[in-house]
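The following exercises concern the space in a protein model and the ligand held there. Each task is followed by a solution in steps.

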Amino acid sequence: MQTLIWDFSGQTAIVTGGTRGIGRAISEALLAAGARVFATYAGNEQAAAEFAKANAPAATRFELFRFDVADYAAVETFYCEIDSRTDSVEILVNNAGIRRDAVVGMLRPENWQAVIRTNLDGVFHMAKFAVHRMMQARYGRIVTITSPSGKIGFEGQANYAASKAGEVAFTRSLAREVARRGITANCVSPGFIDTDFIRDLTPDQAKGYRGMVPMRRFGRADEVAACVLFLASREAAYVNGATLEVTGGL
Ligand code: NDP
């Protein structure tokens, strides 16, 4: 991780899926820049424990919460819990996401629903409760991790593409709703990033996808995190409703 130029001292950030992959890099970049971080995860205790161990020097500034972002009641409970720990939430990073790929003719309804519920319902649930708090403070930064799949529409990803396009549309509406309260809502769209998320690619598939990227390499999670921090910063005050592509030119 390179030295970061942002100062988030005194700010509180929520990062969903914040203990692994891209989310972990975002949590760690925010911690390095002085923020207090509530990192959430769905169930991978090993990754959460590794995160806690690796970030032990900053232990007073982070807490980990396990819940399903698709579960509205669980999200509400989470926000009630953090209300006892902090007066404000300046930053929400909607990063938690899943894929359940299959061509439409073979796509099982439960895999359609799981992806839409986690990726799209989850963003709504998390944003709804964050917005209440940010409106009162008249300040906030909401950054949602979408995907080029939502724009390009990769084969076998109709559920994922629909959820990711939905995140962008959701963000555009939200950006208009909150703009006059000092709150911005933007998306970051990472290309192929080397995390567990794409570990199931066969060597041939990975080679093919790498060949689609003008830079001829997959991105790193910290390269995505750097862009998230920009959009989460006070300095990005006039960027609203935008999608920042971090794709190596895909
Ligand atoms: P990972 O699979 O490495 O990590 C996903 C994270 O999301 C984990 O922390 C996981 O928790 C959490 N999560 C998953 N489902 C839920 C849920 N229902 N409730 C709460 N948390 C959940 O993925 P990446 O880091 O690669 O991806 C992060 C985001 O970036 C996703 O939104 C993805 O769509 C997007 N993205 C990724 C790309 C890539 O190439 N990697 C490309 C474009 C976009 P746990 O650890 O407990 O399982």
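**Exercise 1.** Determine which backbone atoms make polar contacts with oxygen atoms of the ligand, and state how much of the ligand the protein buries.

*Solution.* The model is a predicted one.

Step 1. Begin with isoleucine 193, where a polar backbone atom lies 2.8 Å from an oxygen atom of the ligand.

Step 2. Turn to the two glycines. A polar backbone atom of glycine 43 is 2.7 Å from a ligand oxygen, and for glycine 191 the corresponding distance is 3.4 Å. Each pair counts as a polar contact because the cut-off for N or O atoms is 3.5 Å.

Step 3. Consider the surface of the ligand. Alone, the ligand would expose 910 Å², and 93% of that area is buried by the protein.

**Exercise 2.** Describe the shell around the ligand by its closest residues, its elements and its residue classes.

*Solution.*

Step 1. Locate the site: the ligand occupies the largest pocket.

Step 2. Identify the elements. Helix H1 (21-32) and helix H6 (158-178) are the elements that contribute two or more residues to the shell.

Step 3. Count the neighbours. The ligand is surrounded by 29 residues, and Arg20, Gly43, Asn44, Tyr160 and Thr195 are the closest of them. Gly43 thus appears both in this list and among the backbone contacts of the ligand.

Step 4. Sort the shell by class: 14 residues are nonpolar, 11 are polar and four are charged.

**Exercise 3.** Characterise the largest pocket by its volume and its lining.

*Solution.*

Step 1. The volume of the largest pocket is about 1100 Å³.

Step 2. Its lining comprises 49 residues, and those closest to the centre are Gly97, Ile98, Arg99, Tyr160 and Phe197. Tyr160 is also listed with the residues closest to the ligand.

Step 3. At least two lining residues come from each of H1, strand E2 (36-41), H4, H6 and helix H7 (203-212). H4 provides the largest share, four residues.

Step 4. By class, the lining of the largest pocket contains 22 nonpolar, 18 polar and nine charged residues.

**Exercise 4.** Describe the second largest pocket in the same terms.

*Solution.*

Step 1. The second largest pocket holds about 200 Å³ of space.

Step 2. Of its 14 lining residues, Ser147, Pro148, Lys151, Ser189 and Glu245 lie nearest the centre.

Step 3. Helix H5 (149-152), H6 and strand E7 (243-246) each give this lining at least two residues. H6 also supplies at least two residues to the lining of the largest pocket.

Step 4. The lining of the second largest pocket has five nonpolar, six polar and three charged residues.

**Exercise 5.** How many cavities of 30 Å³ or more does the structure hold, and which residues line the largest cavity?

*Solution.*

Step 1. There is one cavity of 30 Å³ or more. The volume of the largest cavity is about 40 Å³.

Step 2. The lining of the largest cavity consists of Thr16, Val69, Asn94, Asn95, Ala96, Thr118, Asn119, Gly122, Val123 and Met126.

Step 3. Helix H4 (residues 109-137) contributes the most to this lining, five residues.

Step 4. The lining of the largest cavity has four nonpolar and six polar residues, and no charged ones.

Key
Residues numbered from 1 in each chain as written. Predicted model: local features only at pLDDT ≥ 70, side-chain atom pairs only at ≥ 80, totals over all residues. Heavy atoms only, no water. Near = heavy atom within 4 Å. Polar contact = N/O pair within 3.5 Å; in protein donor to acceptor, adjacent residues only side chain to side chain. Areas by Shrake-Rupley, 256 points an atom, 1.4 Å probe, with all protein chains shown as cover. Nonpolar A, V, L, I, M, F, W, Y, C, P; charged D, E, K, R; others polar. 1 Å grid on protein atoms, 1.4 Å probe; cavity = no way out; pocket = protein on both sides within 12 Å on 5 of 7 lines; lining within 4 Å. Points joined across faces, edges and corners; volume = space filled by probe spheres on them.
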